[in-house]
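Subject: The structure, and what turned up in it

Hello,

Here is the structure I promised to pass on. Please open it beside this email, and I will walk you through what I found.

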Amino acid sequence: MISTHPADSGGFERSVERRLLELRRQSLSEIEAETTARRLAWLEGQRDRLLAAPLSPRRAFELLFLEYMGLASADLPVLSESDAEITWSSKNPCVTLEACRRAGLDTRVVCKGAYQRSTQAFLSFFDPCLRFLRDYREMRPHAVGCRERIVRIDVEGLMRQALGEARASLGAGNKGYGAAVALGERLLAVRHDTAAAERDPSLHAEVNAVRDAARALGSADLTGCVLVSTCEPCPMCSSLAVWAELGAVFFGASIEATAALGKGRIRISAREIAQRSPVRLEVVGGILEEECLALYR
């Protein structure tokens, strides 16, 4: 459900022509980068006003789609709503939908590649626990509307589950790492490392959790999912997050902090991997940090 900001629009037809030109001349990742930069610049220009109070899913929805994008609320009927989520069906006149129709492109591919993460970046400006989710099975022109959601995830709750797995790991003779993968409020997997027990050095907690999540979804594409780990993922696991197309990594104890405790770590941060990756991957540290560090002392 991507339209154009009214300030950039000279009418729907002209906007479609501009979008067609973008799609012909630029890669989806280039469009995503430009869209993200434009949205974040708008937010920065109004930082004092916008950060005055915590953002609810409802307020995030209104700010992005009604205020920034200038869409009409009547075109975005809300299907369900609570304090933690809002779900709607986008039925607005959509520049990207029309441009894809004319160019013979699949909106599911274009919207995922160019607008999923730029929309998430808008929300994460306020709070990375606010996650934007799109149902790619229910998207125009394959459905009457595009079903989309904003969900506030419980990152600390996910970390507590990962901590429980880490303690189980220590009890089983492994190294004491735990990880969880969630899609919105749905927990897909929570696992610990099993490298020692299974004699397989690749079986880090994050690897086990991502593999289980992929099986739960029946897809290697984990777009919209988040990974929560008791310890900052190593370069192997951070790279796996990239290839799985996860939206974010949340961790407790950092590589540097655990290395200082005597743990053998490759001192390349998850943020460095994310910065060098072909897709936007958010990395947020310090979640229940002291409880996580206690595992490794």
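Before the strands come up, one convention: two strands are said to pair if DSSP finds at least two bridges between them. Please also keep in mind that this is a predicted model.

With that in hand, let me begin at strand 5 (residues 178–183) and strand 6 (residues 186–192), which run antiparallel and are joined by 6 bridges. If you click on A179, look across to strand 6, where R191 is the bridge partner. The two strands form a hairpin with 2 residues between them, and in this hairpin G184 takes a positive phi near 60°.

Now for the overall picture. The chain holds 14 helices and 9 strands. Its radius of gyration is 20 Å, close to the 19 Å that the globule rule gives for 297 residues, so the chain is as compact as a globular protein of that length. The C-alpha trace spans about 65 × 40 × 30 Å along the principal axes.

Next, the open sheet. It is formed by 4 strands with antiparallel pairing, in the order 1-2-4-3. Which strands stand at the edges? They are strand 1 and strand 3 (130–134); each has a single partner strand, so one side of each is left without a neighbour in the sheet. From one strand to the next, the twist averages 15°.

Taking the pairs in turn, strand 1 (residues 78–81) meets strand 2 (residues 85–90) in the antiparallel sense over 3 bridges. These two strands make a hairpin with 3 residues between them, and S80 stands opposite T87 of strand 2. At the other edge, strand 3 is antiparallel to strand 4 (residues 146–152), with 5 bridges joining them. Here F132 stands opposite I150 in strand 4. As a reminder for when you look at side chains, in a regular strand they alternate between the two faces of the sheet.

What lies across this sheet? Helix 4 (residues 57–68) lies across strand 1, strand 2, strand 3 and strand 4, and runs at about 35° to strand 2.

Finally, helix 5 (residues 95–103) is worth a look, as it has contacts with two other helices that I can describe.

With helix 1 (residues 12–25), the axes come within 9 Å and cross at roughly 60°. That angle makes helix 1 oblique to helix 5, and the crossing is right-handed. On the helix 1 side the contact is made by F12, E13, S15, V16, E17, R19, L20 and L23, which meet V95, T96, E98, A99, R102 and A103 of helix 5. By class, this contact has 7 nonpolar, 2 polar and 5 charged residues.

With helix 6 (residues 107–114), the axes come within 10 Å and cross at roughly 130°. Helix 5 is therefore oblique to helix 6, and this crossing is right-handed too. T96, L97 and C100 of helix 5 make the contact with T107, V110 and C111 of helix 6. How many charged residues does the contact of helix 5 with helix 6 have? There are no charged residues in it, with 4 nonpolar and 2 polar ones making up the classes. T96 is worth highlighting on your screen, as it appears in the contact with helix 1 and in the contact with helix 6.

Best wishes

Conventions. Residues are numbered from 1 along each chain as its sequence is written. This is a predicted model: local features need pLDDT of at least 70, side-chain atom pairs count only at pLDDT 80 or more; totals for chains, interfaces and linings use all residues. Side-chain values use heavy atoms; hydrogens and water are left out. Axes are lines fitted to C-alpha atoms, for helices over the stretch in contact, and angles run from 0 to 180 degrees between N-to-C directions. Angles under 35 degrees count as roughly parallel, over 145 as roughly antiparallel, 65 to 115 as roughly perpendicular and the rest as oblique. A crossing is left-handed if the near helix is turned anticlockwise from the far one by less than a right angle, and right-handed if clockwise. Contact means heavy atoms within 4.5 Å. Ala, Val, Leu, Ile, Met, Phe, Trp, Tyr, Cys and Pro count as nonpolar, Asp, Glu, Lys and Arg as charged, and the others, Gly among them, as polar. The radius of gyration is taken over C-alpha atoms; the globule rule is 2.2 Å times the number of residues to the power 0.38.
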